[in-house]
Amino acid sequence: MFKNLSRTMAAFIFALVVLLFVSASAARAQTQTPTKAQTPMPTQTPAPAQTQAQTPAPAQTQTPTPARAQSGDGHEYAPLLEQKINYKDWAFKSLKDGTPVDLRELSKGKKLVMVVYFAPWCGNWKAEAPVVWRLYDKYKAEGFEVVGVSEYGSVEDSKKYFETQGGAPFPVVVESEATAARDQTTHYGYRQACADTRRWGSPFNVFLEPAKLNRTGEVLTEKAWVVGGELIEKDVEKFIRERLGITEQSAVEPCQVKP
């Protein structure tokens, strides 16, 4: 009997111990503060670098300035270039007798006309004048015409200048007679259109092809061949011969440029 009681007591005590252990474990689990899970910090995408948008400046279209070669002896040569100048018809008074001369009428029957703007006191014009004389004398019979436009000097001054040269071999007209008119002449306007930055711009040569000129209206031609300075004789003569249809085999030989 006592033996069975001892076994029962032992089983009871073992069960009680197990129960107490389980209860203690559950209590500890309830009272223990759980460790906070370390939530990884969100990955921060770096802000894009703030760049200042630089709007490119609009391209500035400029009319190229004709390069003029300054020589050591005072010459101011310029290349022959085709320029957009909207060249207009004009009627100026003749230097010889004051009668009006109309350019469109003067050009009729010609193959090529050179309008040379000059100031009678200008050293560069005086240096170019012999070249103009030679070209005119050589090609006038082939349809080449020259007309001089006097600027910024009196009629008397222009007359005296040509008298010292034995007279003007080609027509000469007068647009202005005083230096005060420098910014008011058509000559000044054409120089500005060609980006000619010279203060006075003498000489200034414009070549017109009558066959291509507008027959009516104020504007004779939108584009013209221009020399914004002294003529480079060799280049200009080649141009004249081409426009006159003169071949190298022609009986008309090129001018001999004096050394």
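**Sheet and packed helices in the predicted model**

F92 stands opposite V101 in β5. The model in which this pairing is found is a predicted one. Three bridges join β4 to β5, and the two strands run antiparallel. The hairpin that β4 and β5 form has five residues between the strands, and within this hairpin G98 takes a positive phi near 80°.

Strand β4, residues 91-94, also pairs with β8, residues 172-174. This pairing is in the antiparallel sense and extends over two bridges. Here S94 of β4 stands opposite V173 in β8.

These strands belong to an open sheet of eight strands, in which the pairing is mixed. The order across the sheet is β3-β10-β9-β6-β7-β8-β4-β5. Its edge strands are β3 (80-88) and β5 (100-102), each of which pairs on one side only. From one strand to the next, the twist averages 35°. In a regular strand, side chains alternate between the two faces of the sheet.

Helix α6, residues 233-244, lies across five strands of the sheet, namely β3, β6 (112-118), β7 (144-150), β9 (204-208) and β10 (219-227). Relative to β6, helix α6 runs at about 145°.

Helix α6 also packs with helix α3, residues 123-139. Two packed helices are described by the angle between their axes and the distance between the axes. For α3 and α6 the angle is about 25° and the axes are 11 Å apart. Angles under 35 degrees count as roughly parallel, and α3 and α6 are therefore roughly parallel to each other. Their crossing is right-handed. On the α3 side, the contact is made by V131, R134, L135 and Y139. On the α6 side, E233, V236, E237, I240, R241 and L244 take part.

A further helix, α5, spans residues 186-193, and in this helix H187, Y190 and R191 are buried. Seen down the axis of α5, the buried residues fall within an arc of 100°, so they line one face of the helix. An α-helix has 3.6 residues a turn, so residues three or four places apart point the same way. The elements that cover the buried residues of α5 include β3, β6 and β9. Strands β3, β6 and β9 are also among those that α6 lies across. Helix α5 is followed by A195, whose phi is positive, near 60°.

Conventions
Residues are numbered from 1 along each chain as its sequence is written. This is a predicted model: local features need pLDDT of at least 70, side-chain atom pairs count only at pLDDT 80 or more; totals for chains, interfaces and linings use all residues. Side-chain values use heavy atoms; hydrogens and water are left out. Two strands pair if DSSP finds at least two bridges between them. Helices (H or I, at least four residues) and strands (E, at least two) are DSSP runs, numbered from the N terminus. Axes are lines fitted to C-alpha atoms, for helices over the stretch in contact, and angles run from 0 to 180 degrees between N-to-C directions. Contact means heavy atoms within 4.5 Å. Buried means under 20% relative accessible area, exposed over 50%, partly exposed in between (1.4 Å probe, protein chains only). The arc is that of the directions from the helix axis to the C-beta atoms. Angles under 35 degrees count as roughly parallel, over 145 as roughly antiparallel, 65 to 115 as roughly perpendicular and the rest as oblique. A crossing is left-handed if the near helix is turned anticlockwise from the far one by less than a right angle, and right-handed if clockwise.
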